[in-house]
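The following report describes one molecular structure, going from a charged pair to the packing of helices, a loop and a surface patch. Please read it with the sequence and the coordinates at hand.

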Amino acid sequence: MVPFALAGLAAFLVAALVCLLADAPDSWLDTSVAGFLVGIPGLITMIVHDRNRKRRRALSHPEFHAS
């Protein structure tokens with residue numbers, strides 16, 4: 001899930017840059033910056049979830065090797 005979060009963050013960052021360069025309405029810039037900022041805790045949550053999932057899977061399936 002981490003790649004999806006990174007792609008979303010990148011999309012909001014590009015949208016913010018386009019809004020700045022195109023002199024878009026302030027509400028559009030505010031929305032894109034807010035989307036980027038809200039995506040950061042989501043990214044952190046997904047990183048922690050993936051780390052814990054690897055640990056749980058290694059405990060429940062001994063043949064699985066977490067790298």
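## A salt bridge and its surroundings

R53 and D50 are three residues apart in helix α2, so about one helical turn separates the two residues. The model is a predicted one, and in it the side chains of R53 and D50 meet in a salt bridge, with a distance of 3.2 Å from N to O. Side chains of opposite charge can pair when their charged atoms come close. With a nitrogen of Lys or Arg required to lie within 4 Å of a carboxyl oxygen of Asp or Glu, the count for this model comes to one salt bridge. The two partners do not fall into one class of accessibility: R53, at 41% relative accessibility, counts as partly exposed, whereas D50 is buried, with a relative accessible area of 13%.

## How the two helices pack

Two packed helices are described by the angle between their axes and the distance between the axes. Helix α1 covers residues 2-21 and packs against α2 at an angle of about 165 degrees, with the two axes 8 Å apart. Because angles over 145 degrees count as roughly antiparallel, α1 and α2 are roughly antiparallel to each other. The crossing in which α1 passes α2 is left-handed.

## The loop and the far positions

Between α1 and α2 runs a loop, and D23 is found in this loop. The phi angle of D23 is near 55 degrees, which is a positive value in a residue other than glycine. D23 is also exposed, with a relative accessible area of 69%. P25 has its place in the loop between α1 and α2 as well, and at 41% relative accessibility P25 counts as partly exposed.

R56, by contrast, lies in helix α2 and counts as partly exposed at 40% relative accessibility. E63 has its place in the segment after α2, where E63 counts as exposed at 59% relative accessibility. How far apart in sequence and in space are R56 and D23? The table gives the separation of this pair, together with those of two other pairs, and the distances in space run from C-alpha to C-alpha.

| Pair | Apart in sequence | Apart in space, C-alpha to C-alpha |
|---|---|---|
| R56 and D23 | 33 residues | 49 Å |
| P25 and R56 | 31 residues | 47 Å |
| E63 and S27 | 36 residues | 52 Å |

Read along the rows, R56 is thus 49 Å in space from D23 and 47 Å from P25, while E63 and S27 are 52 Å apart.

## A nonpolar patch on the surface

Which residues form a nonpolar patch on the surface? The patch is made of V33, L37, I40, I44 and V48, and together these residues have about 380 Å² of accessible area. One of them, V48, has its place in helix α2, which covers residues 26-60. V48 counts as partly exposed, because its relative accessibility is 34% and the partly exposed class lies between the limits of 20% and 50%.

Key. Residues are numbered from 1 along each chain as its sequence is written. This is a predicted model: local features need pLDDT of at least 70, side-chain atom pairs count only at pLDDT 80 or more; totals for chains, interfaces and linings use all residues. Side-chain values use heavy atoms; hydrogens and water are left out. Patches are made of residues with over 30% relative accessible area and no salt bridge: like charges are joined within 9 Å, nonpolar side chains (Val, Leu, Ile, Met, Phe, Trp, Tyr) within 5 Å. Accessible areas come from the Shrake-Rupley method with a 1.4 Å probe; for residues, only the protein chains shown count as cover. Helices (H or I, at least four residues) and strands (E, at least two) are DSSP runs, numbered from the N terminus. Buried means under 20% relative accessible area, exposed over 50%, partly exposed in between (1.4 Å probe, protein chains only). Axes are lines fitted to C-alpha atoms, for helices over the stretch in contact, and angles run from 0 to 180 degrees between N-to-C directions. Angles under 35 degrees count as roughly parallel, over 145 as roughly antiparallel, 65 to 115 as roughly perpendicular and the rest as oblique. A crossing is left-handed if the near helix is turned anticlockwise from the far one by less than a right angle, and right-handed if clockwise.
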